[in-house]
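Q: I'm new to this one, so could you walk me through some of its side chains?
A: Gladly; here it is.

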Amino acid sequence: MPEHPPGLIDTHCHLEMIRLDQDRNEVIARAFDSGLEAMITVASDPASNRMAIAIAEANENIYCSVGVHPHEAKLLTDTLKSEITLMARHPKVVAIGETGLDYHYDHSPRDTQRDVFRWHLKLAAETGLPVIIHSREADEDTISILRDSPPRRAVLHCFSGSVQLLDLAREMGIYVSVAGPVTFSKSHGLREAVRHIPDELLLVETDSPYLAPVPMRGKRNEPSFVAHTAREVAELRGVTFDDIVRITTVNSRKLFGIGDIPGGGSIAYRIRNSLYLNITNRCSNRCSFCVRYRSDFVKGHNLSLSREPATADIKAAIGDPADYDEVVFCGYGEPTMRLDIVKEVAAWVREKGGRVRLNTNGHGSLINGRNIVPELSGLLDEVSVSLDAQDAETYERLCSPELPGSFDAVLDFIRASAAALPTVKATVVDMEGVDIEACRRLAESLGAELRIRDYDVVG
Ligand code: SF4
């Protein structure tokens with residue numbers, strides 16, 4: 001079955017708030033015309049539960065949730081609980097919520113909100129559905145309740161930029177959904193926090209009809225506007241709009257169980273206008289921060305190989321190297337584990353007018369039992385080496401290398417590369433225990449510039 005091409009998914013809108021005798025059908029048509037793949041219309045009270053299901057029944061690519069918003073928590077009677085429990089079995093219901101805590105308006109008593117939030121979490125556990133969480137000025141209690149009753153799958157909707165919630169999301173694997181306020185120039189904290197949401201947890205939404213993004217700010221929001229939010233998120237994270245569409249669509253499909261998930265085995269995968277190569281899943285490190293221990297996906301590409309590709313497979317996957325800014329050996333493993341393939345493919349890419357970069361953990365000479373840098377000279381335009389620590393002790397703790405002497409081998413590799421190759425960068429992840437300034441001094445003493453990379457980047 002061919003993979004469904006990705007289109008954006010608005011993971012949180014309230015279509016039931018737009019009356020049918022107004023222009024709901026036009027709003028839906030505009031959303032699909034703009035390229036949206038699907039929408040999740042999110043219920044908030046007894047009437048909207050029923051209406052959300054009716055809207056989802058009438059539209060193949062609209063799904064819905066059932067639940068009671070914290071504002072309406074006081075309405076949750078036993079009868080309503082039974083009704084929601086029954087509705088949760090409907091095939092178009094893909095989530096429970098929105099639920100959570102709202103201490104800004106306090107439309108329902110806080111203890112009632114907490115009880116009702118716990119009830120939704122229990123229902124999500126019983127049904128196996130993800131839970132959609134709203135938290136406004138209530139992060140401490142939200143975190144405490146989620147720690148007591150950890151959801152299997154969940155999303156923090158309309159993410160506020162709270163560092164505490166983002167830390168919790170990382171720790172518990174909770175998705176984080178970004179809405180229109182990220183486009184507001186004064187949302188400094190949110191705009192900064194959005195750069196640090198792990199790729200595999202990122203979603204986008206409109207929360208329409210509220211919070212229209214710039215340049216639609218002040219108008220009634222609608223799902224087609226989610227593209228403006230996605231473009232801003234792309235800009236803030238230094239990737240393209242297409243990258244954000246791919247990442248968030250795969251994440252949405254996974255979270256809500258809708259659409260096809262790309263199968264494994266991407267040999268070549270595009271990020272911005274670079275083409276990355278995934279030639280092995282083997283690595284001589286086991287870094288605590290490596291994304292491959294949390295997900296098979298990098299920027300929406302599934303990198304789990306069922307077999308290591310041959311040279312011909314790799315060349316076929318590349319196509320014309322001159323179509324890209326660069327071709328990068330990277331992927332879910334250490335490329336120099338397959339040094340002969342790296343050399344052969346790199347020579348071919350350069351022959352075809354392409355630029356070549358190698359992302360490596362710097363163990364190549366140790367793995368291959370000889371100094372490999374002279375063999376790479378003339379084949380690479382750039383090498384990026386994971387330095388990862390300021391000393392051997394920290395390196396051992398963070399990277400758990402298989403081979404003794406790995407940290408010294410990394411230093412030797414950087415030094416030799418700096419003397420023989422055009423551009424050499426050493427990289428570190430900014431995380432606890434890493435002394436960035438000491439790493440910078442060390443890299444410079446070896447002849448390389450230091451680059452700080454996101455915690456979830458492989459290579
Ligand atoms: S981050 Fe790189 S070096 Fe570390 S385990 Fe992952 S692939 Fe290997």
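**Rings, charges and cysteines**

Q: Before the details, what is Y276, buried or exposed?
A: Y276 counts as buried, at 8% relative accessibility, where buried means under 20% relative accessible area, exposed over 50%, and partly exposed in between (1.4 Å probe, protein chains only). Please keep in mind that this is a predicted model, in which local features need pLDDT of at least 70, side-chain atom pairs count only at pLDDT 80 or more, and totals for chains, interfaces and linings use all residues. Residues are numbered from 1 along each chain as its sequence is written, and side-chain values use heavy atoms, with hydrogens and water left out.

Q: How many aromatic pairs are there?
A: The structure holds 2 aromatic pairs, meaning rings of Phe, Tyr and Trp (its six-membered ring) with centres within 6.5 Å; planes under 30 degrees apart count as stacked, over 60 as edge-to-face and the rest as tilted. Y269 and Y276 form a stacked pair, at 5.6 Å centre to centre with 25° between the planes, and Y269 is buried too, with a relative accessible area of 3%.

Q: And why is the pair of Y395 and F407 called tilted?
A: Their ring centres are 5.3 Å apart and their planes are at 45°, so the pair is tilted. Y395 lies in helix α14 (residues 392-399) and F407 in helix α15 (residues 406-420), so the pair ties together parts 12 residues apart in sequence; helices here are DSSP runs (H or I, at least four residues), numbered from the N terminus, as are strands (E, at least two). Y395 is buried at 0% relative accessibility, and F407 is buried with a relative accessible area of 6%.

Q: Switching topic, which ring does the charged end of R217 sit over?
A: It sits over the ring of F184, 3.6 Å from its centre, and R231 lies over the face of F241, at 3.9 Å from the ring centre. The rule asks for NZ of Lys or CZ of Arg within 6 Å of the ring centre and within 35 degrees of the ring normal.

Q: What about cysteines, how many disulfides does the count come to?
A: The count comes to 0 disulfides, taking a disulfide as a pair of cysteine sulfur atoms within 2.5 Å. For C64, the nearest cysteine sulfur, that of C13, is 11 Å away, and C64 is buried at 0% relative accessibility.

Q: And how far from C399 is the nearest cysteine sulfur?
A: The nearest cysteine sulfur to C399 is that of C287, 3.7 Å away, and C399 is in no disulfide; C399 counts as buried, at 0% relative accessibility.
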